[in-house]
Amino acid sequence: MAPPRLRMTNVEKAFGATRALRGVSFEVAPGEVHTLIGENGAGKSTLMKVLSGAHQADSGTMEIDGEAYIPKGPLDARDRGIAMIYQELNLAPDLSVEENIVLGEEPCRMGVIQSKKRRAMAEKAFAQLDHSGFSLKTLVYELSIAEQQLVEIARALIRQPRVLIMDEPTSSLTQVDVDRLFQVINKLKAQGVSIIYISHFLEECQRVCDRFTVLRDGASVGTGEMASTELDDIIHLMVGREMTEIYPHLDHSIGDPVLELKSFQGRKKPESVTLSLRRGEIFGVAGLVGAGRTETLRACFGLDKISGGSIEIAGTEKAVGSPRDRLRQGVGLLSENRKEEGLLLNQSIANNLTMTRFEPFTKMGFINGAKQLEGSQAWIEKLGVRASGPKQIIGELSGGNQQKVAIGRLLHHDATILLLDEPTRGIDVGSKAHIYRLVGELAAQGKAILFVSSYLPELLGVCDTIGVMCRGVLEEVRPAEDWNEHEILSVAVGQEEEK
Amino acid sequence: MAEGSQSKMNRATLWRWISTLGPLFGLVLVTGLFALSEELRPIFFTGSNAKLILTQTVIVAIGALGMTMVIVSGGIDLSAGSVVALTSVVAASLLVKSVPPVLVFFLTVASGALVGFINGTVISALRMMPFIVTLGMMGIARGSAKWLGNNQTVNPDANPLNRIMEPVNPLEMFPLPMGVWIAIGLAIVMTIVMRKTVFGRYVFAIGSNEDTARLCGIPVQRQKVLIYTLAGMFFGIAGLMQYSRLTQGDPTVAIGLELEIIAAVVIGGASLNGGSGSILGTMIGALIMAVLKSGSSQMNWPTYMQEIIIGIVIILAVALDRLRQSRLKA
C-alpha cells in the first residue's frame with residue numbers, strides 16, 4: 001500500500017508553560033480533503049504553523065509521501081510541497097492578478113522579467129481552477145473577496161503543492177461563492193492535491209471533506225469518515241470535557257431591562273441581534289470566531305456604525321452615540337484587544353484607571369495628582385492588582401493584572417451596563433477566578449453585564465442567560481441552565497435543530 | 001518574590017530618571033566639551049555669552065513648546081517655519097498700518113492660531129496624515145507671507161514690539177530681553193498644562209494609543225483641532241519674536257526652522273511615535289542646539305561642522321530613546 005501523502009505522528013509543541021499541542025497524529029491520503037475540527041484554542045492554528053514551517057515541533061515526526069519531513073522554515077516547507085492559504089488574504093492590492101500569482105517566483109533572465117513566461121505560468125495555474133470571471137491584467141483591489149481568494153489559490157498552485165492548507169476559507173464568502181469554492185476544491189482533488197480544510201462550519205465540512213480529525217486541548221481525539229459520522233458525534237468529541245472548574249455563585253436578582261437591541265445591525269456584522277439585558281443580569285454571548293459578537297459590542301458602544309435596527313438604553317431609543325456619549329449613558333466596554341486597544345501601555349496604572357472619569361480629582365480642568373493616585377491605589381487594592389503602585393507603567397504588569405486594571409476603569413467610571421469582550425482571554429487561572437467573582441459581585445450590585453466569551457465552561461458557569469450567535473445572527477437565547485456545551489456548539493456551527 | 005519586584009521597580013525608576021535627566025546630562029556634556037578649550041573658556045563662560053545663547057534660543061524654544069504638544073499627541077507640524085515667517089510679516093504689516101502694538105500682538109498670535117486651526121480641522125475632518133497636511137500648509141503659509149509682503153521685507157517705524165528681543169546692554173547678562181522671560185513663562189505654563197490638566201492627559205493618551213483614547217470617550221478629533229490651533233498660537237508668538245529680532249517682517253526668514261524645532265523636541269526625549277515627551281526636555285534640547293551653534297562658531301569651526309555635529313546629536317538622542325523603548329517592551 002502506498003504511503004499517505006502526509007502523516008503526522010505524536011506532534012507536540014509547547015510555548016513556555018503552555019502545551020499548545022500535546023500529541024497530534026493524523027494522516028491525509030493523496031487527493032483527499034481532510035478537515036481539522038476543534039473549538040477555538042484547540043490547537044489547529046499551532047498545528048498548521050508547525051506543518052507550514054512557521055514553528056518547529058518539540059517532538060513527534062512528520063512524513064510526506066513516506067519521506068521524513070522536518071521543515072527548517074516556511075520557505076523550506078514550500079519547497080517540500082506544503083502550501084497554505086490564510087484566512088486573511090495576503091495579496092498586493094496594487095499589482096495585477098498575474099503579478100500576484102507569480103510574486104516571489106518571477107521567471108527572469110539577468111534580473112529582467114520574462115513576461116511571456118510569466119503569463120504562461122499564471123495562465124497554467126489559473127487553468128487548474130477553470131475560472132474565467134476576470135482577466136489576468138486586472139488589479140487585485142478591483143476584485144471581490146471571493147475572486148481574490150481564487151488568486152491566492154492560484155498563487156499556491158504555481159508550485160504544484162502536494163498538500164494545500166485552507167484556513168477558514170469561507171468565513172467571508174457568500175453562499176454562492178462558497179459553492180464555487182467547493183467546485184474548485186473538487187477539481188484540485190481530482191488532480192491529486194491533498195487538502196487540509198479548516199472550518200468552524202461543520203455542515204460545510206460534511207459537504208466537501210472526505211475524512212475528519214478532531215482536536216481537543218491540543219490532542220487529536222478522534223478521526224473518521226465524514227460520510228458515515230453524525231455531526232452530533234463530532235460535536236461530542238469536540239466538547240468532551242468535564243466541568244471541573246468552580247465558578248463562584250453569588251445571589252443576585254434580575255430587574256428591568258436596561259439595554260434592548262431589536263434587529264440590531266452593524267455595517268458588516270452583526271446582521272441581526274435582538275436581545276434584552278436586564279439589571280443584575282449576566283448575559284453570555286457564545287459563538288465562533290467571526291460570528292459577529294465583538295462587532296455587536298462595538299456597535300453598541302458607538303465604536304462602529306449602526307446600520308439598522310434599534311438600541312434602547314434605560315428605556316429610551318439612543319440610535320446614534322459616540323463612545324463618549326455611551327460612557328455618559330453609563331455604558332462601558334472592555335476591549336478584547338487589551339494591548340492594541342484596551343490600554344495605554346506606556347502610561348501609568350493611575351491614568352489607565354481614571355482616564356474616562358477624571359472628575360473626582362479635578363478642579364477647573366486641573367488634575368490633583370495626589371488625589372488621583374490615592375483613588376487609584378484604592379482600586380488597586382480592591383481589585384487585587386499586583387503592582388508596585390499606581391505610578392507603575394501598565395505595560396510592565398502581567399496580562400491578568402492588566403486586565404484587572406482595564407475592568408477597574410469601568411468600575412471607576414461607575415458604568416451600569418458593562419460590555420465585556422473576552423474578559424479572561426490570555427490570563428492565568430488565578431486571575432480568571434478573580435474576574436468571575438468580580439463579575440458576580442457586580443451583578444449583585446445591580447449592574448447589567450453582557451459577557452462575550454469563546455470559552456463555553458465559563459459562560460455556563462457564570463451567566464444567567466446565554467445567547468448564541470452564528471454568522472452575524474443571534475440565533476437563540478435561553479436561561480443558562482437550559483443549555484449545555486453540546487447544544488451551544490450545535491447552534492454556533494449552524495447545525496439545524498432536529499426536533 | 002517581593003524582593004524581585006522591588007528591584008525591578010527600582011530599575012524602572014532608574015530608567016525613568018535617566019530618560020528625564022538624559023537631555024540635561026547632554027547639555028552639561030556639550031558645555032563641558034567647549035570648556036576644554038583654553039582659548040574659548042574666558043569668552044564662553046560670560047554673562048554676555050549666556051545672554052546671547054538664551055536670546056538665540058527664544059524663537060526655537062517657543063516654537064518647540066507648540067511642537068512638543070503636537071509630537072506627544074502623535075502628530076507633526078511641518079508648517080512651523082513658514083508660519084513664523086508669515087506671522088512676522090503680519091506683525092510688520094499691521095505696524096506699518098499704525099495698528100496699536102498691543103492689538104498687533106494679539107492679531108499676530110491669532111493669525112498663527114488660525115493657520116493651526118486649519119491644519120487641525122483638515123487633519124481631523126478628512127482623517128489625513130498630519131505630515132501631508134502640514135507639508136502643504138508649509139507652502140501655503142510661505143507663499144502667503146511673500147504675497148502679503150509683496151515679495152520683500154516689511155519695515156515699520158520704531159515701536160515697542162521692536163524691543164522685545166533687544167539686548168539693552170550686550171555686555172551684561174541682565175537685564176535679559178523680555179523675549180527670554182516670555183519664553184520661560186510660557187514654558188512653565190505649558191509644563192503645567194501638559195502635566196496637570198485634563199487637556200494634557202488627553203494629549204498623552206491620544207499619542208499613546210488613539211484607539212484606546214477613543215474607547216475611553218476622549219473626543220479625539222476635537223482635541224486634535226485644539227492641539228494644532230494651540231501649536232499655531234505658539235508659532236505666532238515665535239513669529240513676533242522673529243519680527244522683533246530683525247525689527248522687520250521678512251517672508252523668506254526661518255526656512256528650515258521647523259526641522260530645528262522638531263530636533264529640539266526629539267533631543268529632549270519625545271518620541272515621534274507619540275505618547276512621550278516633556279516640556280523641560282524640549283527646552284533643554286533647544287538649549288543644547290544653541291550652545292553647540294554658539295560654541296562652534298566661537299571656535300571658528302566652519303558651519304558645515306556645526307551641521308554635522310547637530311546631526312550626530314539628533315541621531316544619538318533618538319538612539320537613546322529606542323533603547324528605552326525596547327526596554328519597556330521586554
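This is a dialogue about reading sheets, buried residues and overall shape in a predicted model.

Colleague: Let me start with the strands of chain A: what is the order of the strands in the open sheet that contains E6 and E12?

Modeller: As a general idea, strands of a sheet pair through backbone hydrogen bonds, and they do so either parallel or antiparallel. In this predicted model, one open sheet of chain A has 6 strands in the order E6-E9-E10-E3-E11-E12, and its pairing is mixed. Strand E6 (82–85) and strand E12 (219–225) of chain A stand at the edges, and because each has a single partner strand, one side of each is left without a neighbour in the sheet. Neighbouring strands of this sheet are turned by 20° against each other on average, with direction ignored.

Colleague: Which helix packs on that sheet, and which strands does the helix touch?

Modeller: Helix H5 (residues 145–157) of chain A packs there, touching E6 and strand E9 (163–167) of chain A, and the direction of the helix makes about 170° with that of E6(A).

Colleague: In what sense do strand E11 and E12 of chain A pair?

Modeller: Strand E11 (residues 211–216) of chain A pairs with E12(A) in the antiparallel sense, over 6 bridges, and within this pairing Leu215(A) has Ser220(A) in E12(A) as its bridge partner. Parallel pairing can be seen at strand E10: 4 bridges join strand E3 (residues 33–37) of chain A to E10(A), and these two run parallel, while E9(A) is joined to E10(A) by 5 bridges, again in parallel. Ile196(A) in E10(A) shows both pairings, since His34(A) stands opposite Ile196(A) and Ile165(A) also stands opposite Ile196(A).

Colleague: How many residues of strand E10 of chain A are buried?

Modeller: In a regular strand the side chains alternate between the two faces of the sheet. For strand E10 (residues 194–198) of chain A, 5 of its 5 residues are buried. Both faces are covered, with Ser194(A), Ile196(A) and Ile198(A) buried on one side and Ile195(A) and Tyr197(A) buried on the other.

Colleague: Now a single residue: is Thr170(A) buried or exposed?

Modeller: A residue is called buried when its relative accessible area is under 20%. Thr170(A), which lies in the loop between E9 and helix H6 (175–190) of chain A, has 0% relative accessibility and therefore counts as buried. Leaving aside neighbours within four places in sequence, Thr170(A) is in contact with several residues, including Val178(A), Leu181(A), Phe182(A), Tyr197(A) and Arg471(A). The side chains of Thr170(A) and Glu204(A) are joined by a polar contact of 2.7 Å.

Colleague: Where does Gln372(A) sit, and which side chain is joined to that of Gln372(A) by a polar contact?

Modeller: Gln372(A) has its place in helix H13 (residues 369–383) of chain A, and with a relative accessible area of 7% it is buried. A polar contact of 3.0 Å joins the side chain of Gln372(A) to that of Asn351(A). Beyond its neighbours within four places in sequence, Gln372(A) is in contact with residues that include Ala350(A), Thr354(A), Phe358(A), Phe361(A) and Ile367(A).

Colleague: What is the strand order in the open sheet of chain A that contains E18 and E24?

Modeller: This open sheet of 6 strands follows the order E18-E21-E22-E15-E23-E24 in chain A, with mixed pairing. Its edge strands are E18 (331–334) and E24 (473–479) of chain A, each of which pairs on one side only, and neighbouring strands are turned by 15° against each other on average, direction ignored. E18(A) is joined by 4 bridges to strand E21 (residues 417–421) of chain A, and the two run parallel, with Leu419(A) in E21(A) as the bridge partner of Leu333(A). Helix H17 (residues 485–492) of chain A lies across E15, E23 and E24 of chain A, running at about 30° to E23(A).

Colleague: How many helices and strands does chain B have?

Modeller: Chain B has 13 helices and 0 strands. A compact globule of 330 residues would have a radius of gyration near 20 Å, and chain B agrees with this because its own value is 20 Å. The C-alpha trace of chain B spans about 75 × 60 × 30 Å along its principal axes, and 52% of its 330 residues count as buried.

Terms used: Residues are numbered from 1 along each chain as its sequence is written. Chains are lettered from A and ligands numbered from 1 in the order in which they are written. This is a predicted model: local features need pLDDT of at least 70, side-chain atom pairs count only at pLDDT 80 or more; totals for chains, interfaces and linings use all residues. Side-chain values use heavy atoms; hydrogens and water are left out. Two strands pair if DSSP finds at least two bridges between them. Axes are lines fitted to C-alpha atoms, for helices over the stretch in contact, and angles run from 0 to 180 degrees between N-to-C directions. Contact means heavy atoms within 4.5 Å. Buried means under 20% relative accessible area, exposed over 50%, partly exposed in between (1.4 Å probe, protein chains only). A polar contact is a pair of N or O atoms within 3.5 Å; within protein, one must be able to donate a hydrogen and the other to accept it, and residues adjacent in sequence count only if both atoms are side-chain atoms. The radius of gyration is taken over C-alpha atoms; the globule rule is 2.2 Å times the number of residues to the power 0.38.
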